[in-house]
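Biologist: Could you walk me through this model? I have a few questions ready.

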Amino acid sequence: MSAYVGGVRDRLIFDSVYAEIRDALDGLGWFDDPVDSQGDPLRRPFRLQPEGFGDDGPVTPNVAGVTFSTYDGDDEMEMGSMLTENRLVFYVDVYAENDDVGRHLAGDLRDLLRGRMPSIGRGRPYVDVLDYNQATPTTVFTVEIANVSSDHPVGAGVEHRKHWWVLRFEIVDTYTDEDDE
Amino acid sequence: MAGSHPDFPAQEFRAGIREAMLMGFPGATLQRPTFRWVTERTFTGAGVSPVSGRPYDWGKQPAASAKVADLQVTCVAIQAKPSMDLATAVGEFDETKLTVVLLDDEYDELLTHGAGDLPDVILLGATEYTNVIELQTMGLFDVDVHTLFGSAADTSAVTT
């Protein structure tokens with residue numbers, strides 16, 4: 001097999017997108033733990049997780065979960081071949097300790113996905129997909145990030161739903177079959 | 001005082017209620033309700049939101065911090081999962097609720113300790129309860145009984 005198809009392709013895409021988001025947020029300082037002069041945290045630590053939030057699991061601000069929920073293909077790209085454009089729908093749920101952290105984090109996520117931050121290596125809306133089967137992962141193909149949108153659903157009552165943002169974006173993946181070079 | 005009665009032994013009544021509360025108090029200090037106030041910080045100078053007062057750089061040092069120490073008082077804490085359906089468009093949230101009942105003396109102690117503010121968070125074991133509100137105050141002659149109510153933000157151990 002000279003190309004990546006099926007479940008392995010989906011997993012490599014998810015892992016690479018997640019790693020790209022994680023590294024970009026790290027570059028922006030979100031995993032730092034700033035403290036005041038007495039050593040008390042200036043904001044709650046931020047965590048990123050490669051899964052969503054269950055109905056009975058912990059939701060401790062500040063936290064974001066990346067999920068791949070929908071495979072929305074296929075658009076045929078040319079006649080007489082198997083080349084199709086496929087769209088994978090991703091979500092990032094952000095639960096923040098207050099509106100400023102939530103707005104700041106959601107805005108950073110939106111623009112790093114859209115490739116508006118060349119200073120941290122996110123200067124284009126693409127993700128190089130790495131083959132993590134290799135001892136030293138290398139880029140095996142590239143996917144595009146499209147249709148980035150953000151929403152701030154305001155839930156009544158509890159604290160973690162008051163400062164909840166949802167980002168949605170699509171990964172555009174174009175390929176034919178196993179024999180694709 | 002509204003509803004006073006000369007034959008009602010308010011102090012003895014309070015002492016009796018506290019004894020009953022202490023009977024149900026867990027032996028481990030960590031398992032008892034702990035009242036916590038969020039540190040109030042003031043940021044000045046450039047780089048501060050004129051709307052919220054918070055900095056744009058999360059590492060900016062505050063000009064002033066008012067930290068209130070955690071406090072434990074004699075009270076009764078009741079944990080419960082809600083029976084109502086909390087379904088939303090993106091899933092069902094099953095949040096644990098906490099009810100804390102305390103006498104007027106302990107309630108006043110909380111307010112004094114918090115400079116007039118009720119606690120922002122109630123810790124019970126490893127669980128944090130936020131969105132603390134006060135429900136209806138009940139009175140029995142000179143004694144008032146206060147009820148605080150909170151929702152769990154986290155059902156796992158706090159790692160901060």
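Biologist: Which exposed residues does the face of helix 1 of chain B turned away from its buried side carry?

Modeller: Happy to help! This is a predicted model, where local features need pLDDT of at least 70, side-chain atom pairs count only at pLDDT 80 or more, and totals for chains, interfaces and linings use all residues. Residues are numbered from 1 along each chain as its sequence is written, chains are lettered from A and ligands numbered from 1 in the order in which they are written, and side-chain values use heavy atoms, leaving out hydrogens and water. Helix 1 of chain B (helices are DSSP runs of H or I, at least four residues, and strands E runs of at least two, numbered from the N terminus) has an exposed face (over 50% relative accessible area; buried is under 20%, partly exposed in between, with a 1.4 Å probe and protein chains only). On that face, turned away from the buried side, are B:Glu12, B:Glu19 and B:Met23.

Biologist: Which residues of helix 1 of chain B are buried, and why are they on the same side?

Modeller: Around the axis they cover an arc of only 70°, which puts them on the same side of helix 1 of chain B. The arc is taken from the directions from the helix axis to the C-beta atoms. The buried residues are B:Ala10, B:Arg14, B:Arg18 and B:Met21.

Biologist: How far apart in space are B:Leu124 and B:Pro33?

Modeller: B:Leu124 is in strand 8 (residues 121-124) of chain B and is buried, with a relative accessible area of 13%. In sequence, B:Leu124 and B:Pro33 are 91 residues apart, but in space their C-alpha atoms are separated by 4.8 Å.
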